[in-house]
Amino acid sequence: MTTVNVGASERSLKQKVEQALGVVAEDAKLSKSYMTVAFIALLIGGFLGLFQGLERAGLIQLPSWFTYYQVLTAHGILLVLVLTAFFTIGYFYAGLSQVLGGILPHVRRMAWIGFWLKIVGFVCAVIPIIMNDATVMFTFYPPMAASPLFYIGLALIVIGVWMCAFGAFINVATWRKQNPGKQIPIFAFFATGVFVLLFFGSIGVTIEVIMLIFWSAGILETINVMVSRTLFWSFGHTLVNIWYLTAVSAWYTIVPKIIGGRRFSDTLTRVVVILLVITNIPGGFHHQIVDPGMGEALKYMHVFMSLAIGFPSLMTAYAMFSVFERTGRLKGGKGLLGWFKKLPWGDVRFLAPFIAMAAFAPAGAGGIAQTTNQLNQVVHNTLWVVGHFHLTVGTSVVLTFFGISYWLIPHISKRVLTPQMNRIGIIQTIIWTVGMLFMSGAMHYVGLLGSPRRTSYTTYGDHAVALGWDPYMILLAIGGTLLIVGVIIQVYAVFNMMFFAPKGKTEFPIAETEEEPQGKKPALWADRWGLWIVLMLLVVSMGYVIPLVDMIVNAPPGSPPIRTW
Amino acid sequence: MTQAGYGLALLLFLAIPPIAHLFESIMIIHMHMQMPLLVISGFFIATFFQKRYPGFFEKWNEDGIPGILLFSIVFSYWMIPRTMDEALTVPAVEVFKFISLPFLCGVPLRDSWFKISLFVKKIVFATFTLLFFALGVLYIKAPVQLCNNYLLIDQLTLGWGFLTMAICFMIFIVYYVFTEKEAT
Ligand code: HEM
Ligand SMILES: [Cu+2]
């Protein structure tokens, strides 16, 4: 069996010091709180997902006091907003504490204020959802109008996230001032990239949400629907890449350490982060390929923008496999594929992120298909899309998060991962994988047959085509049932590791870089974040000036708020 | 291929009639993509001339000032609405655009940028930032169509393009001022 505590045999001085210092208690408490919320969101959101799956298969019918669409709204918000945001912030703050020698006291206070702003915001958003006054799905497209409280809640959540982003900037900037001439540690570099995207990516949606508050409160009479959708997706798409970048941070910096290897070229890693940050935001248009009010030429231009993101992804795939191969060969793997067998398959901290990466191959291919105009028209608003993002965020991202939890939770709780818990983790990973294969596979296929997304169970008056979807819906429900088992195991594992596992020290496993050629200077230019931000903003204006001016100047009459449910 | 080769390839690519037509069909892309790309092509091609005629640059562009002046004048010339219009209607002007931007902007920019002092660089950067602000306001505020070939909405878009660029430049200046202070 592969031992759970795989580590480089020789530890550098830096690591020894880190280990002696251990984890800063107050920072650990912060991260634990974020993790707790994240995994409670997973538990509730998971059950809501199950109900949806069962309803769509015609096995249950959701009651009139908690309709399918209320459930769907809550499922979306809990999982794509709460789970991911809380996990990302908790994870990066734990890492920043580790690599920057502790979170600064006032930054910690900011992160706590951010925490409570988000919680209050979330409560504000949930109340109208439960009261059926905000059944607008997580995309809250106007002209569907929710109660103002819902939008106020969203605005508070965003402000809470900004607190954490600025806290991270302050912490990194302070560290740089105290360490002149040194490179930002790679983990903090990823964190900076993620928080830059979180902040700049959410400016557009904040403008939208503020307008929506006034509009739903009756102060603004009408709203420009196209502009709202465009602003939403400038954020929605960026959010997707924030999760992706978070997962990628673990693939580049953590996974190599767990398999006992070294990480990929430091400079190239930084280039990948910079590219993802610069090219990201205008990609949002690929969510609007079927929207009216935008010329074909413009949509064509934006296909290019979204494909640009494929490039750093391919670099990542290459980097990962080169690290795996090198490590496998160092461990004595021979021949063409012998190294593959030498990887620690019995270690959940490796297995979960590995499956996550593997899932990204079909998920990314599906994404490239969707971004193509004609193919998008085939799958748009069908269950294919739902299948796609359960593969990307529901597998690639979430499974990486799960893999992280098996060392991060023990690390911040001053406990250890026991072999039993590792085994539970392996089982959980397998259940999740099989469940997603069923659910996402069925969704993809039935989407091609035309089954719409965001639609509760209906046979369209027993129409033959709609009846033909039913067998796949049963597969979907089977997958969903497996997944809920996975959710329960995962949440159990997290809270067990947080409160009941044996006490001990678990390190925050950041790999050392490959040996750089002698005399090679560190790539200090990569740390010029001000420059990357300016370039990012230039790309954003290149992408958005043309359509936004057109949508605003040539706007049709705006829409009043409409309650469609 | 050498740098100069890449530059030449880019220039030839941009000159292919359908490509040129595509870029010129949208006003902002004409000015903010085609023209800068032409300058960039010249920036690369410059290495060829620098190697071939070092004496020429030595003699005429010793401290970089003449070159940067030439660049500024020619580049500003192409920001006048009238010149864009003429490029579309008068073939000779279109040819002049494809020659002047690479060879009278890109080449001298390359030769000068590494010769001029930091102070001059700052002046050039600040001037263009101000110019972009001014042009942005001009194109947004102008109540009439400034080009025969482009609609008012194109003009407005271009104005916002200028303004957003100027804002980005401003952010860079602020960032630069701050980090420079830190470095000293
Ligand atoms: C127990 C596990 C899960 C099950 C059974 C499940 C099931 C479903 C189902 C059946 C739908 C509705 C399809 C429709 O009518 O359009 C859905 C939508 C969705 N799910 Fe899940 N899901 C699960 C986990 C997740 C996870 C982990 C995430 C993300 C982290 C996620 C994100 C979403 C999103 C964003 C939507 C779309 C909501 C909308 O269209 O407004 N789900 N899920
Ligand atoms: Cu996207």
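This is a short walk through the model, one selection at a time. Keep in mind that the model is predicted.

**Stop 1: where the chains meet**

Show chains A and B together. You are looking at 17 residues of chain A in contact with 15 residues of chain B. Together the two chains bury about 1,400 Å², and 85% of that is on carbon and sulfur atoms. Now select residues 529–553 of chain A: this is helix α20, which gives the most to the side of chain A that touches chain B, with 13 residues. How many salt bridges are there between chain A and chain B? The count is 0. Polar contacts come out at 0 residue pairs across this interface too, with both residues required to be at pLDDT 80 or more.

**Stop 2: a nonpolar patch on chain A**

Next, select A:Phe47, A:Phe51, A:Leu59, A:Ile60, A:Ile430, A:Val434, A:Phe438, A:Ile474, A:Leu475, A:Ile478 and A:Ile488, and turn on the surface. They make a nonpolar patch of about 850 Å². Color the helices α2 (25–56), α17 (419–448) and α19 (470–499) of chain A, since each supplies at least two of the patch residues. Which helix gives the largest share? That is α19(A), with 4 residues. For a closer look, pick A:Phe51, which sits in helix α2 of chain A. A:Phe51 has a relative accessible area of 31%, so it counts as partly exposed.

**Stop 3: a buried salt bridge in chain B**

Over all chains, the salt bridges come to 13. Begin with B:Glu94 and B:Lys97, whose closest N and O atoms are 3.3 Å apart. Both lie in helix α7 (residues 91–113) of chain B, 3 residues apart, or about one turn of the helix. Both residues are buried.

**Stop 4: a network in chain A**

Switch to A:Arg263, A:Asp266, A:Arg270 and A:Asp527, which salt bridges with shared partners join into one network. Zoom in on A:Arg270 and A:Asp527, where the side chains form a salt bridge at 3.3 Å, N to O. A:Arg270 is in helix α10 (residues 266–279) of chain A and A:Asp527 in the loop between α19 and α20, so this pair ties together parts 257 residues apart in sequence. Buried or exposed? A:Arg270 is buried at 2% relative accessibility, and A:Asp527 is buried at 1%.

**Stop 5: back to chain B**

Finish with B:Glu86 and B:Arg82, a salt bridge with its closest N and O atoms 2.8 Å apart. Both are in helix α6 (residues 81–89) of chain B, 4 residues from each other. B:Glu86 is partly exposed at 22%, while B:Arg82 is exposed at 56% relative accessibility.

Methods
Residues numbered from 1 in each chain as written. Chains lettered and ligands numbered in written order. Predicted model: local features only at pLDDT ≥ 70, side-chain atom pairs only at ≥ 80, totals over all residues. Heavy atoms only, no water. Patch = residues over 30% accessible without salt bridge, like charges linked within 9 Å, V, L, I, M, F, W, Y side chains within 5 Å. Areas by Shrake-Rupley, 256 points an atom, 1.4 Å probe, with all protein chains shown as cover. Salt bridge = Lys/Arg side-chain N within 4 Å of Asp/Glu carboxyl O. Buried < 20%, exposed > 50% of the residue type's maximum accessible area, 1.4 Å probe, protein only. Contact = heavy atoms within 4.5 Å. Buried area = accessible area lost by both parts, 1.4 Å probe. Polar contact = N/O pair within 3.5 Å; in protein donor to acceptor, adjacent residues only side chain to side chain.
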